[in-house]
Amino acid sequence: MEHLHRQCAALFDFDGVVMDTETQYTWFWEEIGKKYDMGIPDFGRVIKGQTLTQIYEKYFADRKEDIPAITDELNRFEKHMQYEYVPGVVEFIHDLRRNGVATAIVTSSNAAKMEKVFAVHPELHTLTDRILTAECFTRSKPAPDCFLLGAEQLQVHPDRCVVFEDSFHGLQAGNAAGMTVVGLATTNPEAAIRPFCKEVIPDFRHYSFEKMAALLA
């Protein structure tokens, strides 16, 4: 086990994995979908795992005049969001680091959003070894780029990395990167995400370094 854990890494998505914010974002984008007559059912779920730039390029390319207003609404919304940890995640990350596992947060959120989070949770700066935001990579999830970059920065081979994700785009990105994927049933039902994961957990309260290491054994 000594040999194993010095050469493995854990890569965490942020919203819905580290912070329990996905239900709030789903509500926000559902409202945007209605307000701007997107004509897309469950718009809040459709855009999960995509960067803001990606959302604008894909869904608002022909209505760029609406983007500044939406951005203003999002900024106001994020200032009043509740940033609460997914149960057990902090303890789990500490457990990993005590056991020599490299860790990183890999998120589609941009740096400006993360600064709002840091204002509430300054300890996030040192919780993991790296924090990668949307500005760090060109192609976002479901492309594997973000997770491959995380592995590169942590100097761990992709097949020794475990990805913790909740969104379909994130799960697909982890698989495309050739990594072991653990799904969090915080955003989507367990049955829906199970086909994309090695295992599914409701949160981290009963999860441990030993359980993660067993996936790589």
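Two strands are taken to pair if DSSP finds at least two bridges between them. In the predicted model described here, strand β1 (residues 9-12) and strand β4 (residues 161-165) satisfy this criterion, being joined by 4 bridges and running parallel. Within this pairing, A9 of β1 stands opposite C161 in β4.

The chain as a whole contains 12 helices and 6 strands. Its radius of gyration is 17 Å, close to the 17 Å that the globule rule gives for 217 residues, so the chain is as compact as a globular protein of that length. The C-alpha trace spans about 55 × 35 × 30 Å along its principal axes. Of the 217 residues in the chain, 57% are buried. Among contacts with a separation of 6 or more, 68% are accounted for by residues 24 or more positions apart.

Strand β4 is largely enclosed by the rest of the structure, because 5 of its 5 residues are buried. Burial extends to both faces of β4, with C161, V163 and E165 on one side and V162 and F164 on the other. Besides its pairing with β1, β4 is joined to strand β5 by 4 bridges, and these two strands also run parallel. Between β4 and β5 the chain passes through helix α10 (residues 168-176), and this β-α-β crossover is right-handed. Two residues of β4 illustrate the register of this pairing: F164 has V182 of β5 as its bridge partner, and E165 has G183.

Strand β5 (residues 180-184) is likewise mostly covered, 5 of its 5 residues being buried. The side chains are distributed over two faces: T180, V182 and L184 point one way, whereas V181 and G183 point the other way, and all are buried. Strand β5 is further joined to strand β6 (residues 199-201) by 3 bridges, again in a parallel arrangement. In this second pairing of β5, the bridge partner of L184 is I201 in β6.

The nonpolar interior was examined next. The largest nonpolar core comprises 50 residues, of which F12, W29, F60, F164, F204 and M212 touch the most other members. Apart from this core lies another, of 23 residues, including A102, L132, V156 and I193. F164 therefore has two roles in the description, since it is among the core members with the most contacts to other members and is also the bridge partner of V182. M212, another of these residues, touches C8, A10, F92, L96, V101, V162, F164 and Y207 when residues up to four places away in sequence are not counted. Two of the residues touched by M212, V162 and F164, are found together on one side of β4.

A polar site was also characterised. S140 lies in the loop between β3 (130-132) and α9 (145-154). The relative accessibility of S140 is 4%, and because buried means under 20%, this loop residue counts as buried. The side chains of S140 and S108 are joined by a polar contact of 3.2 Å. With its neighbours within four places in sequence left aside, S140 is in contact with G49, Q50, T51, Q54 and S108.

Key:
Residues are numbered from 1 along each chain as its sequence is written. This is a predicted model: local features need pLDDT of at least 70, side-chain atom pairs count only at pLDDT 80 or more; totals for chains, interfaces and linings use all residues. Side-chain values use heavy atoms; hydrogens and water are left out. A nonpolar core is a set of buried Ala, Val, Leu, Ile, Met, Phe, Trp, Tyr and Cys residues joined through side-chain atoms within 4.5 Å. Buried means under 20% relative accessible area, exposed over 50%, partly exposed in between (1.4 Å probe, protein chains only). Contact means heavy atoms within 4.5 Å. A polar contact is a pair of N or O atoms within 3.5 Å; within protein, one must be able to donate a hydrogen and the other to accept it, and residues adjacent in sequence count only if both atoms are side-chain atoms. A crossover is right-handed if, with the strands pointing away from the viewer, the path from the first strand over the helix to the second runs clockwise. The radius of gyration is taken over C-alpha atoms; the globule rule is 2.2 Å times the number of residues to the power 0.38.
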